[in-house]
Amino acid sequence: MATVSSIMNPTLKDIVDRENPDGSVAKLIEAAERSSVVMQDATFVKANDGDSHQTTIRTGIPDVAERRYNQGINVTKTTAMAVKEQLALMEALSSVDAALADKSGNAQNYRASERVGKMQAGTNWLERNFFYGSPALSPDTFMGIAPRYSSKSAQSASQFIDAGGTGTDNTSIFLITWGGWGTNLLYKAGKVAGFEFRDLTPDGSKLIDAPVQSATRKQMLGYQDWMAMHTGLTVGDWSANVRIGNIDVSDLRSDKTLGGADLLDLFTDMKWAAKTTASLGVNYETGELVDGKTVIYVNKRIAGFLEKQARTSKYTDLRFEQVMGRNARSVFELFYGDWPIRISDAIVETEARVI
């Protein structure tokens, strides 16, 4: 019997722990999640067509009918549109001077610190493309969230809320429902959850190209690792997400009565535009019911103005909550109702106006 299960909305670390039990990649993935708010929340599903993913976007729910005994009913079906999602490949080399690594007294730990740095660069790439990736602008990337909600005349226009900005210093707020029929990141079948790692110098240091090159090729004794991330994005039902766009950052005011976007009012519109129950779906691999989780993403400037505008409001669903963070430390997190608000540096303030 199918059951609703959060286990069926696995994060990247969940999948790595399951597929790579020796732990060789798990520590890198844990470091990656700590450096990326999107990676902390994102659910992952396996791509079903090699370097791409064939899926359908639900665009409508069918009618049902009442009937009497011995009377038939009309055949109906959900309205859907076939979509082929592209996966993108990110690769990186980590080169470490053997003299520096050996001088540290523990070459393996020194190399591990370099690997984490490269992994963080990879998650920065993933987070940027999650929000703004566009194959139309960069053919080798996957399509992110913003391009899917970038027209007020598209079928997804009901999920775009216009904050009124008209210049080129705009930003956005993104409500994302992860899992189920909502939003999922993709990983390639046969890979360790879309992430690969290989030690290119397992038997000790060897001659490698120096990271800093001059006009002539120079080499050094060093250690080298190769890592890659093969990933994409799929949105099963666009009504589970909302984008508040055209927020002119230069017009924002702490007191919303003085002009600029009224962020709390826009949040109310966002709340009623989001059909988060639309994310309820069936895992195509296991047949189990899965339900999504909803998260709001903003940048630091928007988070600051949210707090300031909330102070001048008599009623708001915006709240701070003290939670237990890493290392048993108490931290404060921002919520809108029960939806957590995450701060992402990948959300820019130079967006073009959406029309």
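Where is D162 found? In this predicted model, D162 is found in strand β5, and that makes a handy place to start a walk around the chain.

**Getting your bearings**

Let's take the whole chain before the details. The chain has 355 residues, and buried ones make up 46% of them. Its secondary structure consists of seven helices and 17 strands. If you take the contacts with a separation of 6 or more, 76% of them are between residues 24 or more positions apart.

**Around strand β5**

Back to D162. This residue is partly exposed, with a relative accessible area of 30%. Setting aside neighbours within four places in sequence, D162 is in contact with K152, G245, N246 and L266. Take L266 from that list: 104 residues along the chain lie between its position and that of D162, yet their C-alpha atoms are separated by 8.6 Å.

N246, another of the residues that D162 contacts, deserves a stop of its own. You'll find N246 in strand β11, which covers residues 242–248. Its phi is positive, at about 60 degrees, although N246 is not a glycine. Is N246 buried or exposed? It's buried, with a relative accessible area of 0%.

**Three loop residues**

Now for some loops. S150 sits in the loop between α5 and β5, where β5 spans 160–162. Not counting neighbours within four places in sequence, S150 is in contact with R243, V354 and I355.

On the other side of β5 there is T168, in the loop that leads from β5 to β6 (170–178). Which residues does T168 touch, leaving out those up to four places away in sequence? They are E349, T350 and E351. 

D237 belongs to the loop between β10 (219–235) and β11.

How open are these loop residues? S150 is partly exposed, with a relative accessible area of 36%. T168 is exposed, at 61%. D237 counts as buried, with 6% relative accessibility; the cut-off for that word is under 20%, so D237 qualifies.

Here are some C-alpha pairs for the residues on this tour, so you can find them in the structure:

| Pair | Apart in sequence | C-alpha to C-alpha |
|---|---|---|
| S150 and F160 | ten residues | 7.8 Å |
| D162 and L266 | 104 residues | 8.6 Å |
| D237 and T183 | 54 residues | 7.7 Å |
| T168 and A352 | 184 residues | 4.9 Å |

**Two helices that cross**

Next up are helix α6 (residues 263–273) and helix α7 (residues 300–311). Their axes come within 9 Å and cross at roughly 100 degrees. Angles from 65 to 115 degrees count as roughly perpendicular, so α6 and α7 are roughly perpendicular to each other.

Which residues meet where these helices touch? From α6 come L263, L264 and F267, and from α7 come I302, F305, L306, Q309 and A310. Sorted by class, this contact has seven nonpolar residues, one polar residue and no charged residues.

**The largest pocket**

Helix α7 turns up again at our last stop, as one of the elements that each supply at least two residues of the lining of the largest pocket. The others are α3 (37–41), α5 (107–132), β16 (330–336) and β17 (339–343).

How much space lies in the largest pocket? About 630 Å³. The lining has 25 residues, and those nearest the centre of the pocket are V37, Q40, I341, R342 and I343. By class, the lining divides into nine nonpolar, seven polar and nine charged residues. Compare that with the contact of α6 with α7, where there are no charged residues.

**Putting it together**

If you want one thread to follow through the structure, try β5. D162 in that strand is in contact with N246, the buried residue with the positive phi. The loop between α5 and β5 holds S150, and the loop between β5 and β6 holds T168. From there, helix α7 takes you from its crossing with α6 to the lining of the largest pocket.

Technical notes: Residues are numbered from 1 along each chain as its sequence is written. This is a predicted model: local features need pLDDT of at least 70, side-chain atom pairs count only at pLDDT 80 or more; totals for chains, interfaces and linings use all residues. Side-chain values use heavy atoms; hydrogens and water are left out. Helices (H or I, at least four residues) and strands (E, at least two) are DSSP runs, numbered from the N terminus. Buried means under 20% relative accessible area, exposed over 50%, partly exposed in between (1.4 Å probe, protein chains only). Axes are lines fitted to C-alpha atoms, for helices over the stretch in contact, and angles run from 0 to 180 degrees between N-to-C directions. Angles under 35 degrees count as roughly parallel, over 145 as roughly antiparallel, 65 to 115 as roughly perpendicular and the rest as oblique. Contact means heavy atoms within 4.5 Å. Ala, Val, Leu, Ile, Met, Phe, Trp, Tyr, Cys and Pro count as nonpolar, Asp, Glu, Lys and Arg as charged, and the others, Gly among them, as polar. On a 1 Å grid over the protein atoms alone, a cavity is a set of points where a 1.4 Å probe fits but cannot get out, and a pocket is an open set with protein on both sides within 12 Å along at least five of seven lines; lining residues have an atom within 4 Å of a point. Grid points are joined across faces, edges and corners, and a volume is the space filled by probe spheres set on the points.
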